[in-house]
Structure formats: structure tokens, C-alpha cells
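Work through the exercises below with the sequence and the structure open beside you. Try each task before you read its solution.

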Amino acid sequence: MSDIRITRTTLSDGRELIYYDSPGSGTAEVPPRTAVDERGLPEVHTDSWMRKDPLTGEWALYAAHRQNRTFLPPANEDPLAPTRPGQKPSEIPESDYEVVVFENRFPSLSMGMEGRDGHPAVGRCEVVCFTPDADGSFKDLRLERKRTLIDVWAHRTEELSAFEPVKAVFPFENRGEEIGVTLHHPHGQIYSYPFVPPRMAAIARSARERREAGGNLFDEVLAAELDAGERIIAETEHFVVFTPMAAKWPMEAMVMPRRDVPSFVELTDDERDDLAEVLHRLFAAVDKFFAGVDRTPYIAAWNQAPVDTPEDGRLHLQLFSLMRSPGRMKFLAGSESGMGVWINDTTPETIAATLREVY
């Protein structure tokens with residue numbers, strides 16, 4: 001991370017924007033990031049709040065201001081493109097960039113709000129722009145850029161975890177109109193929640209239970225998968241890639257480090273190098289999973305440990321697709337949406353065998 005140059009600035013409405021430039025990017029000399037946002041945007045006013053469901057104890061967010069957010073703009077109005085002569089100014093004032101992170105203009109959570117019902121949805125939502133190129137996706141990034149992004153996720157996790165009252169940091173990427181993507185430009189997001197979300201909380205409970213019984217949940221999961229073997233997609237020195245035994249989705253893969261690493265922050269340089277290689281191959285394999293489908297729609301969800309109890313989690317990627325066969329999506333109907341009980345139309349072993357073949 002020490003080799004990456006970080007340049008902070010603000011957009012015309014006061015939102016923070018951060019440039020990340022790596023000397024290994026292939027550019028002889030990275031220019032200074034001094035461009036100014038001249039759009040004169042009005043100050044962002046959000047109305048994000050939350051309520052706890054008295055039946056389940058889970059929090060729900062409400063952000064009515066997002067109804068009018070940008071939706072599939074034409075190519076010449078790409079808000080994540082660099083601002084270049086003759087084109088409409090974008091969210092990024094520079095004419096070129098490597099990786100950029102900025103506060104979302106239409107956030108589900110934001111800082112410093114009064115909120116409603118005594119429960120303001122205080123947090124921060126960021127956009128992570130992987131590349132200035134509007135085409136392609138994470139898969140198409142050079143290996144070096146993927147490695148830079150791992151450092152960026154670590155940097156943002158560390159900073160966001162220090163904000164009050166953040167309890168969880170969640171980097172993720174959505175790809176494909178089929179799952180609701182509103183911008184085609186390759187990008188991800190980071191949500192920092194003022195509570196521990198349900199999946200993270202459930203994992204933390206299981207981890208505590210096993211620790212109190214003298215075990216280690218994550219070591220036991222890896223040991224069981226490695227012993228079974230049939231759901232293993234790949235192994236490296238530091239990571240195991242597998243389809244979990246209770247996979248819910250028609251295409252699902254998990255990447256987990258062999259040692260207890262609560263978040264991106266604690267990964268060593270060797271582990272980050274290894275992870276970049278794993279992701280380079282895995283995301284390419286995902287686009288070969290369905291015959292005749294060149295861009296598999298997916299969600300890449302980076303699970304990290306709760307901020308206040310790092311011993312209750314281990315960093316891992318849950319990469320899955322809602323596509324069940326070429327051109328057909330899995331809909332979360334009665335059992336899934338009503339009761340939270342998934343019914344998968346394939347098996348974890350079949351998923352792993354297909355991914356292993358194309359990995």
C-alpha cells in the first residue's frame with residue numbers, strides 16, 4: 001500500500017473523492033490530480049433512516065431520495081468516466097485515472113443526518129471505479145489493477161471502520177442489468193453500516209459458539225471441504241477456492257484464506273499477491289460457466305468480520321449468480337422470499353465441477 005499515491009479532493013457539492021495511483025500502473029509518471037469539479041452541484045440532502053423489525057430484530061433501511069438516482073445513462077453521459085473535452089462533466093474531474101473512490105451521490109446511508117423515529121441511517125456509501133474504460137468488467141482488468149484494488153479495499157476498510165458509529169464494512173460489486181445494475185461502467189461499492197447486518201451477525205454467532213466449544217469455525221469449514229474434495233475448485237498457498245456445501249445459488253464460489261484474517265487490512269503483501277492471482281482466474285471462469293453466455297450476471301460480496309469483534313469473522317468472498325441457466329434467472333419466490341429457505345435447482349458438487357473445469 002505504501003507504493004500507492006493517494007490524493008484527496010472534494011466534489012462541488014462537498015462529497016469526498018480519492019484518487020489511487022500506483023507506480024506499477026505502466027504510466028511513466030502519474031500526473032498530479034489537481035482538476036476541479038466545476039459542475040456547481042447543490043449540496044446533497046439525504047433522507048436515510050432505519051427501523052428494527054420487532055419480529056426478527058433485523059434492521060431495514062429507507063432512502064426515498066434514491067428513487068431519482070441515475071439509471072442506465074447514454075454512453076456520452078457516463079458519470080463514472082473521466083471528464084474529457086467535449087463531453088459532459090462527470091463525477092471524476094480528471095481526464096484520466098487508475099482507481100477512484102468517492103461518496104455516493106445517492107447513498108442509502110450517510111453521515112450527519114437527523115433521521116426519523118430516532119434512528120438515522122448513519123454510515124457511508126462509496127463508489128469504487130475500477131478503470132476509466134467504460135467497457136469490460138473486473139474480469140478484464142490487468143492483474144496489476146486487481147492487486148491495486150485489494151490495497152484500495154484495505155485502505156477504505158481501515159478508514160471506514162474508524163468512523164463512528166460504523167459496525168460493519170461491506171465491499172461488493174454487482175454486474176448485469178439482470179440483477180438491477182444502473183450503471184454499466186465497471187465499478188463496485190462499499191457500504192459501512194451502523195449495525196452488523198444479518199449474514200455477518202449469523203456468522204459471528206456461529207464463530208463464537210465454536211470458539212466457546214474449543215474449535216475454530218473457519219478452520220473446520222476449510223478442513224471439511226478439503227477432506228471432501230469434490231467441491232474444491234482450486235488451492236493456493238494462502239487461499240482455498242470452493243463451492244460451499246450448502247450453496248444457495250445456481251453458480252456460487254467462495255474464496256477463503258487459510259489463516260484467520262478478519263478483513264482486507266490484515267492481509268500480508270504475499271497474501272494480497274496470491275489473492276489477486278486467484279481472482280484473475282476465478283472471474284474469468286465465471287464468464288465460462290454458462291454455455292453461450294459471455295457476461296454472467298453476478299454479485300461479488302466481500303464478507304469481513306464485525307468492526308468491534310474481529311475474532312468473530314474471517315475475510316472471504318462469496319461470488320454468486322442469480323442466473324440458473326443461459327438466459328433464465330432464478331427468482332426468489334415463496335420459500336426463499338417468504339421463509340428464507342432456499343431451494344437450489346442444481347447441486348454444489350455440480351457447480352464446483354463446472355467451475356473447476358473452466359478455472
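The exercises go from the whole chain to its domains and core, and then to single residues.

This is a predicted model, in which local features need pLDDT of at least 70 and side-chain atom pairs count only at pLDDT 80 or more, while totals for chains, interfaces and linings use all residues. Residues are numbered from 1 along each chain as its sequence is written, and side-chain values use heavy atoms, with hydrogens and water left out.

**Exercise 1. Describe the overall build of the protein chain, and decide whether its radius of gyration agrees with or departs from that of a compact globule.**

Step 1: The protein chain has six helices and 15 strands, where helices (H or I, at least four residues) and strands (E, at least two) are DSSP runs, numbered from the N terminus.

Step 2: The radius of gyration is taken over C-alpha atoms, and the globule rule is 2.2 Å times the number of residues to the power 0.38. For 359 residues a compact globule would have a value near 21 Å, and because the protein chain has 20 Å, the two agree.

Step 3: Buried residues make up 50% of the 359 residues, where buried means under 20% relative accessible area, exposed over 50%, and partly exposed in between (1.4 Å probe, protein chains only).

**Exercise 2. Find the domains, and work out where the largest nonpolar core lies with respect to them.**

Step 1: The protein chain is divided into domain 1 (5–195) and domain 2 (199–358), with bounds that come from an automatic or database domain assignment. Their centres, taken over C-alpha atoms, are separated by 24 Å.

Step 2: Across the two domains, 29 residues of domain 1 are in contact with 32 residues of domain 2, contact meaning heavy atoms within 4.5 Å.

Step 3: A nonpolar core is a set of buried Ala, Val, Leu, Ile, Met, Phe, Trp, Tyr and Cys residues joined through side-chain atoms within 4.5 Å. The largest one has 58 residues, and Phe138, Phe264, Leu275 and Leu317 are those with the most contacts inside it. Helix α4 gives the most to this core, with eight residues. Because domain 1 and domain 2 both give residues to this core, it lies between them.

Step 4: Take Leu275 as an example: leaving aside neighbours within four places in sequence, its contacts include Ile150, Phe239 and Trp302.

**Exercise 3. Determine where Asp287 is placed, and which side chain its own side chain meets in a polar contact.**

Step 1: Asp287 is in the loop between α4 (269–286) and β12 (298–303). With a relative accessible area of 8%, Asp287 is buried.

Step 2: The side chain of Asp287 makes a polar contact with the side chain of Arg175 at 2.4 Å. A polar contact is a pair of N or O atoms within 3.5 Å; within protein, one must be able to donate a hydrogen and the other to accept it, and residues adjacent in sequence count only if both atoms are side-chain atoms.

**Exercise 4. Describe the surroundings of the residue that UniProt marks as "active site".**

Step 1: The unreviewed UniProt entry places this feature at His187; UniProt positions are given in the numbering used here, feature names are shortened, and annotations may be inferred rather than shown by experiment.

Step 2: His187 is in strand β8 (residues 187–193) and is buried, with a relative accessible area of 13%.

Step 3: The side chain of His187 reaches the backbone oxygen of His185 at 2.7 Å. Not counting residues up to four places away in sequence, His187 touches Leu80, Val127, Val128, Cys129, Phe130 and Glu173.
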